[in-house]
Amino acid sequence: MSRVMKKRQAEPQGVQYVWAAIEVIRNQKQIANMDRISNVNGPAAELAVKDGLVVRR
């Protein structure tokens, strides 16, 4: 029986920065949209969305 492994594109440290940025933005009582997150993390945010670690609404 073989297990299928999914390779992620985003680096773990970059994803942690994205989650921290979302938390800071939410603590400021603002909506954490992709514009605000991308200003802080840039391409790491887009890769986290592609990997399904962050949901874009």
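Which residues make up the largest nonpolar core? Keep that question in mind as you look through these views of a predicted model.

**View 1. The largest nonpolar core brings together eleven residues.** Here you can find A10, V15, V18, I22, I25, M34, I37, A44, A45, A48 and V54. The elements that give two or more residues to this core are α1 (12-27), α2 and α3 (43-51). Helix α1 gives the most, with four residues.

**View 2. V18 is a good place to zoom in on the core, since V18 belongs to it.** Leaving aside residues up to four places away in sequence, V18 touches I37, N41, A44, A45 and V54. Try finding these partners one at a time: I37, A44, A45 and V54 are also members of the core.

**View 3. Helix α2 has buried residues lining one face.** Look for M34, I37 and N41, the buried residues of α2. Seen down the helix axis, they fall within an arc of 65 degrees, so they line one face of α2. On the other side of α2, D35 and N39 are exposed. What covers the buried residues of α2 includes α1 and α3.

**View 4. N41 sits in helix α2 (residues 34-41).** Is N41 buried or exposed? Its relative accessibility is 15%, and buried means under 20%, so N41 counts as buried. Not counting residues up to four places away in sequence, N41 touches Y17, V18 and A21. Just after α2 comes G42, which takes a positive phi of about 60 degrees.

**View 5. R26 offers a look at an exposed residue of helix α1.** The relative accessible area of R26 is 55%; exposed means over 50%, so R26 is exposed. Now look across to N39, which is exposed on α2. R26 and N39 are 13 residues apart along the chain, and their C-alpha atoms are separated by 15 Å.

**View 6. Stepping back, residues 6-57 are covered by a UniProt annotation.** This unreviewed entry gives the annotation as "domain: SAMD1-like winged helix (WH)". Over residues 6-57 the chain is 63% helix and 0% strand, with the end C-alpha atoms 24 Å apart.

**View 7. Confidence in the prediction can be followed from element to element.** The protein averages a pLDDT of 87, and 98% of the residues score at least 70. Among the elements, α1 has the highest mean pLDDT (91) and α2 the lowest (82). Where pLDDT is low, the predicted coordinates should not be read in detail.

Terms used
Residues numbered from 1 in each chain as written. Predicted model: local features only at pLDDT ≥ 70, side-chain atom pairs only at ≥ 80, totals over all residues. Heavy atoms only, no water. Buried < 20%, exposed > 50% of the residue type's maximum accessible area, 1.4 Å probe, protein only. Contact = heavy atoms within 4.5 Å. Core = buried A, V, L, I, M, F, W, Y, C linked by side-chain atoms within 4.5 Å. pLDDT = per-residue confidence, 0-100. UniProt positions renumbered as here; feature names shortened; annotations may be inferred. Arc of directions from axis to C-beta.
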